[in-house]
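These are my notebook entries on a structure that I looked through element by element. I set down what I looked up in the order in which I took it.

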Amino acid sequence: MSASLTVSEASAQLDTHTREMIDWHFSPETGCPYWLDWAKAAGWDPREKVKCFADMMHFDNFDDEVLRKEDPAKFIPKQYLGRPYNVFETGGTTGMPKQRIGWDDYKTDYTEFSEHYGPDFFPQGANWLMVGPTGPRRLRMAIEHLANIRGGACYFIDLDPRWVKRLIGMGEMQMAKAYQEHVIDQAVTIIRHRDIQCLFTTPRLLESLSLRMSLADAGIRGVFAGGTTMTPQYVKFIQEEVLEGKINYAPTYGNTLMGLAISKKREPGEYSLTYHAPQPRATLRVVDPKDSTKLVEYGEYGRVELTTMTKEFFVPRFLERDEAIRRPECEEFPWDGVGDVRPFQSGTKAVIEGVY
Amino acid sequence: MQIPILRLGETYHSADLAELNDNLTTHTANPGLIRRDLLRISESKAALDAIPAETLADYCEAAAELFMTADLPCGDSTQSPQEYIESLSDLTRLPHTLVKMNMGKIHAAMSQIRTVIGGLTRGMSLEIFDRGLASVDGLDVNFYPTTSSLGVSLPSNAPAVNSLWIPALVMKIPVLLKPGREDPFTPLRIVQAMIQAGFPKQAFGFYPTTHEGGDTLLTSCGAGISFGSDVTVKKYAPFKTIQVHGTGRSKILIGEDYIDKWQDHLDVFVTSIAANGGRSCINTSSILVPSGRDDIAEAIAAELAKVEPLARDDQNALLCGFANTDLASGIDGMIEGLLEDEPGATDVTAKFRNGDRKVEAFDQTYLRPTLIACDSKEHSLANTEFMFPFASIVQMPQSEMLESIGETLVVSAFTEDKDWIQDLMISPDIERLNIGPFPTNRVQWEQPHEGNLFEFLYRRRAIQGNLTSVK
């Protein structure tokens, strides 16, 4: 596990991984048409210039519109040609969706997530229920994989975020509420009639579920949640009231491009979340919004920048639509974390408690 | 000072804090807290139901005095009346004089609660809230509550609007309040005064929260009241249970029979435009005259121009500073832009006032009073409203006035013309009508402000048969 590394060892590991991935994606024998063509057009060879992670600053910020415009097949690494692949789409986008392809990355990410949490957190052999966006999303496959490798099965209740977005756009708030009720009705039915001990859902749906039933009394032992901003108060509320202080809670930050970042363990009474990327496969930096090559100081808010480097997928320096507090390494993760993530530029002046 | 949340009377400390200034932090409620508290609202309703409405009215009258004179709990401290005035002035930039004036309005609404509710129920006994039954002119009438909670999303710029929700407690409807970001003090002070006077604490929710929290409050309570602009009105239009107090666009209409007497009422024009710093929806934003526009405009403008920025603690202060300097610049820029881009409008005050409209003084930004003479009611400045003493004056025949006013909160019609008064009284565009030379900001407590809270919270049901056992 990552925790076995020191900070400098983790940094060296990232540098080595960076070189390997740059070689993979920009060598004609292994790389994909999109990045090979990109290098030709850019007029420089990343294999020559990028020798460590700091050299990634030679890349400009990745424009994710590419993932709408380009045929996903252009991202197939040569070494993967002929292998069936999945096409995943991002969450709530309307219009032409952003797409990425993948083979085993989601299994790698969620196996690591599974190893992070022991059987006392999510019971081994327990069945899971996912309530949230399924459809063409990586998350749907990932949660089922997670349930399966822990010895359980996974049930699904779908929520289509694109329809919710459209309803809200049309001012159909009542209909959006009715749709949510419909989703919760289905989830309550499954929980009542099947042996479910673990849940994946969004914080808002989790709260709605808890308004209908005591999740602790229903036998839920662990909840894995992500997908929206969770302020310290939100976390406090979920732990104390929604989960009644009786259910383990694993908040995460993630998306289709990155995978998922696990939140570091918190002390009792500590509610501020800090997420750490699955380094070296993905790296999160908190950067100056005016100059994304520069990191902000620890404890300060900046824009979240993602770099994903696996053999399946390469995204350099993508600026997320989020901002976060830059937090230092911790015992579990010997690299920087991102704290109290929220939509970019949404913040008003807020007091930050218990930063570290 | 830290101001926590009150969850149906119980203090709650949030992990999300909003720092309003160096000395004041509010605890921010996540929307889920509100939804969860509403699961227990029946207990709050039962606590109010257990007390006779007459007793609740007594409590309200006692609370009026406590509000004005007592040291009351405020977060982790207590607050004297003077501290309340100074703290609210610090946050909102209202001069002390206007905070005191607003205090007086709130005190009046509480101390005259029987008159206020009598006005709303057309004189029914307070027993209607205990038994649901009353006799009106020998006829049995039965009213029942349509909700067990009233959610109110309050503004920051007008403390006196808090007087609107106070009667709900005597009507035995618990209230959940979202204070305006810059005025947590007024609703909390009223709540604490009411609790000290005897109201059950579980009848009150106080949730400093986000916009999402405000939406939750309004859409999750059985009835909701919000304040805001046309945008707010549009946003909540699909929700029949939400009453929005939007832009006032209040007006003075001078009849042909009164136009020769306008000089006798110059003070009424100025008061209507500038009272309360011009921030209220019942301030005049437009004056319609049948003739003599330029003479009237010059006279009013000369008087308005005498209203100059003064320090917040000055006994004569009338203008409010802008807590948000960018907002003042935006308003000033918009007015200048419209004057330049659209012909047919003149800033009559410009030649009388001592400098520009926007002025930095006493460490604040102010906008000086402004009167715009418009050649047509179609001009963009002819029927608009800003958060400072601002009005337009337009000339048109009396016969065209009613069809020109559009939705208007208050009309003061300077007239004794019987036929025209009749037309005014059946106009669907007017929420409150003053007949005679009265300022638009005139308040009579036996008349509803905007909408009728009783009719919003209660509904009449037909009742027939043998009622002897319940009489």
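I began with A:Thr252, whose bridge partner in strand 8 of chain A is A:Ile262. Strand 7 (residues 248-255) and strand 8 (residues 259-263) of chain A run antiparallel and are paired over four bridges. I took two strands as paired if DSSP finds at least two bridges between them. Helices (H or I, at least four residues) and strands (E, at least two) are DSSP runs, numbered from the N terminus.

I noted the basis of the entries: this is a predicted model, in which local features need pLDDT of at least 70, side-chain atom pairs count only at pLDDT 80 or more, and totals for chains, interfaces and linings use all residues. Residues are numbered from 1 along each chain as its sequence is written, while chains are lettered from A and ligands numbered from 1 in the order in which they are written.

Next I followed the sheet of chain A. Twelve strands form an open sheet with mixed pairing, in the order 4-3-5-6-7-8-9-14-13-12-10-11. Strand 4 (154-158) and strand 11 (291-295) of chain A are at its edges with a single partner strand each, so one side of each has no neighbour in the sheet. On average, neighbouring strands of this sheet are turned by 40 degrees against each other, direction ignored. For such angles, axes are lines fitted to C-alpha atoms, for helices over the stretch in contact, and angles run from 0 to 180 degrees between N-to-C directions.

I then looked up chain A as a whole. Chain A has ten helices and 15 strands, and its C-alpha atoms fill a box of roughly 60 × 45 × 45 Å along the principal axes. Of its 356 residues, 40% are buried, that is, 20 or more other C-beta atoms, placed from the backbone, lie within 10 Å of the residue's own.

Helix 10 (residues 232-242) of chain A was my next entry. Eight of its eleven residues are buried, among them A:Tyr234, A:Phe237 and A:Ile238. The buried residues of this helix pack against helix 9 (203-212), strand 7 and strand 14 (337-343) of chain A, and also against helix 1 of chain B. After helix 10 of chain A comes A:Glu244, with a positive phi near 55 degrees.

That led me to the interface, where 15 residues of chain B are in contact with 17 residues of chain A; contact requires C-beta atoms, placed from the backbone, within 7 Å. Which element gives the most to the side of chain B that touches chain A? I found helix 1 of chain B, with four residues.

Within chain B, I looked at helix 1 (residues 31-38) and helix 10 (residues 211-220), which pack at an angle of about 20 degrees with their axes 8 Å apart. Among the residues that make this contact are B:Ile34 and B:Leu38 of helix 1 and B:Thr216 and B:Leu217 of helix 10 of chain B.

I closed with the sheet of chain B. Seven strands form an open sheet in the order 17-20-21-16-15-22-23, with mixed pairing. Its edge strands are strand 17 (345-347) and strand 23 (430-435) of chain B, each paired on one side only. Strand 17 of chain B is antiparallel to strand 20 (residues 370-374) of chain B, and three bridges join them. One of the partners I looked up is B:Cys374 in strand 20 of chain B, which bridges to B:Ala345.

Notes: A residue is buried if 20 or more other C-beta atoms lie within 10 Å of its own, exposed if 12 or fewer, and partly exposed in between; C-beta atoms are placed from the backbone. Two residues are in contact if their C-beta atoms, placed from the backbone, lie within 7 Å.
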